[in-house]
Structure formats: structure tokens, C-alpha cells
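Good morning, colleagues. I shall take a few minutes to go through one structure, beginning with its charged pairs and then turning to its interior.

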Amino acid sequence: MTVHFIGAGPGAADLITVRGRDVLAASPVCLYAGSLVPVELLEHCPDGARLVDTANLDLDAILAELVAAHEAGLDVARLHSGDPSVFSAVAEQMRRLDAAGVPYDVVPGVPAFAAAAAALQRELTVPGVGQTVVLTRTSAQATPMPAGEDLATLGLSRATMVLHLAVNRIEELVEQLVPNYGADCPVAVVAAASRADEVVLRGTLGDIAAAVRAAGITRTAVVVVGEVLTASSFPDSHLYSTTRCRS
């Protein structure tokens, strides 16, 4: 058997990939985070599948389910929100599966930052404005950030920054980012990206905290910071240039 780590996408059930849907439909066991993964995706599971909501399970309990399925010769669909490569906590599961000799693979998904950019109708890499995107978060009760990955240090480049798991500390983010980006730097907050209850806020580092509090946004949101959000005067890319050699 195989444990299939599947990116379920940012929230909308129809944003799972075709491959992810098909693997889900072929797996007699499905572990999913009920607080984050749309329940509509479970409709793709085969009849009689064992469905396990991991929202209230710790790592030991999750691994026990995966190992038990392996011993029973059953494939497992392990649904994670967004894409497994970013802030998914799959690394610790993979490490334990390696130790237990349980095989696994990964099916990528649509990450939250991509869904947020789509909602904003903005490209995050604009020629002459920004060609680097920093994906990061902050820490409070969560795992501490490694040395050198604090916002003040990361912000020195003024690169486009996308913050996950941080909107509930918006005032602190603003305080740490303003010295590098400036109070007039464009900011957007996208909550529940791609879902029916999606909320989009636009502003600057100077006013975004008040807007977030007024909207009551406390979770399931990404914060995007950078000049690419409002850029309109920029050169065309070389990709489609008439001067590009295409022979």
C-alpha cells in the first residue's frame, strides 16, 4: 500500500487537481483535517471508505492510522489543505513513515497564496517591480522561527512577501514591516481564498490593521505585502517581446 499526501487546494472543492481527485477515489482510507478540507471532497471517496477526521488527533494517533492501513494492505489518501510543500506539517509524518518502512508519495495542490493572487487578480512577479516572493509566517505559540527569518530581516530586500498563519497578529506584522517597506506600501489580506465566504481587503501598511479588525478576520487568511499589488507602469516581459529570438 501507499500513503498518498494530497494537496486539497485552498478551500474550494473544485480546486483539487484531477490527479488528486482520482487518487482519492481509489483509496479505501482517507485521513483529512475537517476544519480545513472541504467536506465535499469526501464525496470522491469510494463507497465504504474509512474516513478519519484528524482535526483533533495528535501526530501519534495519525501515524497509528497510517501504519494500521499499511498493515492491512490499504492505500491511504492523506488530505492536506493547500499544497503539501508549504506549511503542511507533512515532513514530520514522512519522517515517521520512513522509520516505519511505510511507502508514500505526494500529489501537489493549489496553495493558498496562489488562490489569494487569483482573488486579487494580480501577478506576484512583475517585471521591473518585483521578481522575488517570500513565503513566511510568524510565531507566537507555534514553532519558533529559525534565526535570521524574522520579518525585520526578511523585509530588508523589500521583496513581495506573503504571510501565512499570521493575520491574528496584524498589528505586530505592521510594526515589523513598516521600517523596511514604509507605511504607504500596498497590502492585501485575503481570507478564505476561493471559498464562497472569501473576503478581500486592500490597503497599505498604514491602515490595513484597522481594516482587518473591522472585518473581524482572525484566521484562514494570507497577507500579501509589496509594490506588485498596485504596479501599473512596468516594462513588458521579455517572454513575449517582439525582439525575442524564437528560432
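By a salt bridge I mean a side-chain nitrogen of Lys or Arg within 4 Å of a carboxyl oxygen of Asp or Glu. Please bear in mind throughout that this is a predicted model.

With that criterion, a search of the whole structure returns 7 salt bridges. Let me begin with arginine 96 and aspartate 60, whose closest N and O atoms are 2.4 Å apart. What does this pair tie together? Arginine 96 belongs to helix α3, residues 90-100, and aspartate 60 to helix α2, residues 59-71, so the bridge links parts that are 36 residues apart in sequence. Are the two partners buried or exposed? Arginine 96 is partly exposed, at a relative accessible area of 35%, and aspartate 60 is likewise partly exposed, at 48%.

A second pair joins glutamate 171 to arginine 213, with an N to O distance of 2.8 Å. Glutamate 171 sits in helix α6, residues 170-181, and arginine 213 in helix α7, residues 208-215, so this contact ties together parts that are 42 residues apart in sequence. Glutamate 171 is partly exposed, with 39% relative accessibility, and arginine 213 is partly exposed as well, with 37%.

The third pair I wish to show is arginine 169 with glutamate 172, where the closest N and O atoms lie 2.5 Å apart. Here arginine 169 counts as buried, because its relative accessibility is 18% and the limit for buried is under 20%. Its partner, glutamate 172, is partly exposed at 30%.

I now turn to the interior. The largest nonpolar core has 25 residues, and the members that touch the most others are Leu163, Val189, Val223 and Val225. Which elements supply at least two residues each? They are β7 (160-164), α6, β8 (186-191), α7 and β10 (221-225). The largest share, 5 residues, comes from α6. Helices α6 and α7 are thus familiar from the bridge between glutamate 171 and arginine 213.

Consider leucine 163 in more detail. Setting aside neighbours within four places in sequence, leucine 163 is in contact with Thr136, Thr138, Leu151, Leu173, Leu177, Ala221, Val222, Val223 and Val225. Apart from this core lies another, of 15 residues, among them Leu24, Leu42, Cys45 and Ala49.

Two further residues deserve a moment. Histidine 164 is placed in strand β7 and is buried, with a relative accessible area of 9%. Leaving out neighbours within four places in sequence, its contacts are Phe87, Ala112, Phe113, Leu135, Thr136, Arg137, Thr138 and Val222. Thr136, Thr138 and Val222 are also among the contacts of leucine 163.

Valine 199, by contrast, lies in strand β9, residues 199-204, and is partly exposed, at 30% relative accessibility. What does valine 199 touch, not counting residues up to four places away in sequence? The list is Val189, Val190, Ala191 and Ile217. Val189 has already appeared among the core members with the most contacts to other members. Finally, valine 199 and alanine 221 are 22 residues apart in sequence, and their C-alpha atoms are 8.9 Å apart in space.

That concludes the tour, and I welcome your comments.

Methods:
Residues are numbered from 1 along each chain as its sequence is written. This is a predicted model: local features need pLDDT of at least 70, side-chain atom pairs count only at pLDDT 80 or more; totals for chains, interfaces and linings use all residues. Side-chain values use heavy atoms; hydrogens and water are left out. Helices (H or I, at least four residues) and strands (E, at least two) are DSSP runs, numbered from the N terminus. Buried means under 20% relative accessible area, exposed over 50%, partly exposed in between (1.4 Å probe, protein chains only). A nonpolar core is a set of buried Ala, Val, Leu, Ile, Met, Phe, Trp, Tyr and Cys residues joined through side-chain atoms within 4.5 Å. Contact means heavy atoms within 4.5 Å.
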